[in-house]
Amino acid sequence: MTTEPVDVLVAGAGTSGLALALQAHDHGAHVRVVERRPEAFRPSRAMVMHPRTLEVLRPLGVTDALLERADTSPAVQLHLGRRVVPVRVSDLDLPDTAFPHLTLIRQADVEAVLSAALADRGVEVERGTALVEATTTPDRARATLHRHGAVEEVDCHHLAGCDGPASTVRGAAGIGWRGAPYAQEVVLADVELDGDLTPGLAHVVAGRRGLVFLFNVGERATWRLLATQPAGADPLPFGQPGPPVPGAELQALLVNAGLPATITHVAWSARVRLQHRLATAMRRGRLYLVGDAAHAHSPAAAQGMNTGIQDATNLGWKLALAARAERQHGVGTQTLLDSYERERWPVARLVLAATHATFWAEAGTDPLAGLARSRLAPLGAPLIPVLLRQRRLVAEGVRLLSGFRVSYRGSPLSLEDDPVVGGPHAGDRLPDEAVTCAGRRTRLHDLTALPGTHVLLQRDARPISHADLGQPGPAADTHPSQRPGAHLHRLTSMRGHGVMVVRPDGYVGYRSDEADPTLVRDWLVLAGECHG
């Protein structure tokens with residue numbers, strides 16, 4: 001059976017696939033999401049969402065629902081030898097974001113919120129539907145789907161592979177997958193405990209044999225146990241929960257970690273095999289790789305879910321605008337589509353290197369790593385509270401981990417007139433500064449918290465209208481998020497004659513100290529926002 005073509009077909013309904021589908025839909029694309037798993041629930045592997053991830057999701061209207069399910073002031077007891085160090089990281093020194101905190105939230109909750117947002121928009125995840133084959137031509141992609149024994153052929157402008165480390169899309173595209181397995185694996189379990197552990201906290205043990213985490217956020221029981229140990233000999237699928245772990249082995253992990261707790265019930269458990277790999281490309285024709293399909297790494301520094309969502313929100317709007325340009329005007333947008341790999345592959349490479357080094361320190365089984373955790377870390381324990389009081393230092397670490405320092409200055413979409421004085425450059429993240437617009441005091445991220453491109457004019461800049469940009473003006477009876485064309489804002493608190501164009505993912509695309517409607521329109525044409 002062959003069905004009507006779609007703009008964007010998303011393979012995989014994890015956090016990356018759902019975020020991509022949501023953003024593509026909100027930028028006008030006809031989207032389908034298929035997922036091999038028949039059930040929505042699966043035990044969470046990710047537990048932390050970084051501030052930058054919340055920022056890129058904010059225009060999609062889901063951050064309030066995410067925060068309702070989250071702990072934004074997590075408390076931790078860090079066990080280093082015989083020392084116990086209390087840690088609470090809240091109200092970080094991050095004045096230029098609406099989310100100055102770490103967010104503890106289960107991956108399953110993120111998927112539930114994003115799935116509900118798609119359903120509200122009339123997009124249902126097609127579960128129990130497997131993508132088994134994909135091909136690409138210069139002007140479209142074609143997918144073969146299997147569902148309940150039936151075969152469906154789907155034509156689409158773009159096919160996004162958000163289908164995990166064993167990606168069918170990556171295999172179909174013939175893209176390489178370089179790296180190696182880890183000598184360690186992760187043990188996950190939801191358990192009930194009896195013992196002398198402070199409730200409501202996360203307990204972290206760094207010992208000679210690796211790390212042990214106990215989070216009070218279990219899904220099928222009160223506590224989630226996460227531990228590292230040498231990998232077993234049996235070849236499990238990478239990144240997927242394997243067979244249950246005997247209760248005695250789980251208890252031994254707690255005993256070896258020195259935690260005063262006895263497991264009274266195991267609701268669920270699994271071993272997860274780990275690898276560190278990077279796709280040699282993130283695009284082949286009309287096939288794209290996103291999240292774990294493009295890069296697989298350890299859980300160190302909580303990068304997996306966050307990097308995948310940031311991949312997705314980089315790509316989703318580009319696929320939507322490219323499909324619209326082709327559908328309505330018959331024009332290509334190769335610069336726009338090429339920018340995804342140009343921007344995100346270097347980020348993925350750096351994240352992979354950083355998580356690889358961090359995981360060695362956390363879970364390495366060689367004598368040096370074990371010595372550092374068991375002997376050196378306890379000696380440095382008294383310094384941890386002192387370091388945590390250095391709010392700027394802690395905030396800088398969070399900025400780095402979160403992706404605030406990611407910049408796309410070398411992207412073909414990052415254009416500016418020389419010289420630009422002060423402020424963010426083209427390719428940089430838009431900071432969340434306080435501004436005055438339309439007679440009211442607000443913040444930049446409040447202004448840009450709607451899908452679409454945003455044109456920010458300084459106080460004395462020459463007027464720019466939608467007509468100047470070759471776009472229809474906004475209809476008074478239409479909600480701002482549904483209005484065609486770029487959003488125009490004049491910032492009366494910012495002196496100057498300049499203009500800044502902000503991409504839908506919150507990065508500066510074009511910047512000039514003199515506002516020229518023709519040059520702004522040229523960038524919008526490059527980005528597929530309007531037809532030249």
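Which residue in strand 15 is the bridge partner of alanine 180? The tour returns to that residue after a view of the whole chain.

**The whole chain**

Begin with the entire model, which is predicted. The chain contains 13 helices and 25 strands. Of its 532 residues, 55% are buried. Colouring the chain by residue number helps to show how it folds back on itself: among contacts with a separation of 6 or more, 73% are between residues 24 or more positions apart. With a surface displayed, the accessible area comes to about 21900 Å², and carbon and sulfur atoms account for 55% of it.

**The open sheet**

Next, select the eight strands that form an open sheet in the order 5-4-12-13-14-11-15-18, with mixed pairing. Its edges are strand 5 (83–88) and strand 18, each of which pairs on one side only. As background, strands of a sheet pair through backbone hydrogen bonds, in either the parallel or the antiparallel sense.

Within the sheet, isolate strand 11 (residues 177–195) and strand 15 (residues 261–279), which run antiparallel and are joined by 16 bridges. The partner of alanine 180 is histidine 276 of strand 15. Further along, valine 187 is bridged to arginine 271 in strand 15, and glycine 195 has alanine 261 of that strand as its partner. Selecting these three pairs in turn lets the eye follow the antiparallel register of strands 11 and 15.

Now add strand 14 (residues 223–230), which pairs with strand 11 in the antiparallel sense over eight bridges. A residue to label here is glutamine 184, whose bridge partner in strand 14 is proline 230.

Then move to strand 18 (residues 295–296), which is joined to strand 15 by two bridges, again antiparallel. Here leucine 278 has histidine 295 of strand 18 as its bridge partner.

**Charges over rings**

Show side chains for two arginines and the rings beneath them. The charged end of arginine 170 sits over the ring of tryptophan 177, at 3.7 Å from the ring centre. Arginine 277 lies over the face of phenylalanine 238, and the distance to that ring centre is 5.8 Å.

**Helix 4**

Select residues 107–120, which make up helix 4. This helix of 14 residues spans 20 Å from its first C-alpha to its last, close to the 20 Å expected at 1.5 Å a residue. Is helix 4 enclosed or open to its surroundings? Ten of its 14 residues are buried, so the helix is largely enclosed by the rest of the structure. Among the buried residues are Gln107, Asp109 and Glu111, together with Val110, Val113, Leu114 and Leu118. Just after the helix, stop at glycine 122, which takes a positive phi of about 85°.

**Two aromatic pairs**

How many aromatic pairs does the structure hold? There are two. Select phenylalanine 213 and phenylalanine 215 to begin with: their ring centres are 5.6 Å apart and their planes meet at 5°, so this pair is stacked. Both phenylalanine 213 and phenylalanine 215 are buried.

The other pair is formed by tyrosine 408 and tyrosine 507, with ring centres 4.6 Å apart and planes at 40°, so this pair is tilted. The two tyrosines are 99 residues apart and link distant parts of the chain. Tyrosine 408 belongs to the loop between helix 11 (391–402) and strand 19 (415–416), while tyrosine 507 belongs to the loop between strand 24 (499–502) and strand 25 (508–512). Tyrosine 408 and tyrosine 507 are both buried.

**Glutamate 416**

For the last stop, select glutamate 416, in strand 19. Its relative accessibility is 27%, so glutamate 416 counts as partly exposed. Which residues does glutamate 416 touch, not counting residues up to four places away in sequence? They are His425, Ala426, Tyr510 and Arg511. A distance to draw from here runs to valine 508: the two C-alpha atoms are 9.6 Å apart in space, although 92 residues separate glutamate 416 and valine 508 in sequence.

Technical notes:
Residues are numbered from 1 along each chain as its sequence is written. This is a predicted model: local features need pLDDT of at least 70, side-chain atom pairs count only at pLDDT 80 or more; totals for chains, interfaces and linings use all residues. Side-chain values use heavy atoms; hydrogens and water are left out. Helices (H or I, at least four residues) and strands (E, at least two) are DSSP runs, numbered from the N terminus. Buried means under 20% relative accessible area, exposed over 50%, partly exposed in between (1.4 Å probe, protein chains only). Contact means heavy atoms within 4.5 Å. Accessible areas come from the Shrake-Rupley method with a 1.4 Å probe; for residues, only the protein chains shown count as cover. Two strands pair if DSSP finds at least two bridges between them. The expected span of a helix is 1.5 Å times one less than its number of residues. Rings of Phe, Tyr and Trp (its six-membered ring) pair if their centres lie within 6.5 Å; planes under 30 degrees apart count as stacked, over 60 as edge-to-face and the rest as tilted. A charge sits over a ring if NZ of Lys or CZ of Arg is within 6 Å of the ring centre and within 35 degrees of the ring normal.
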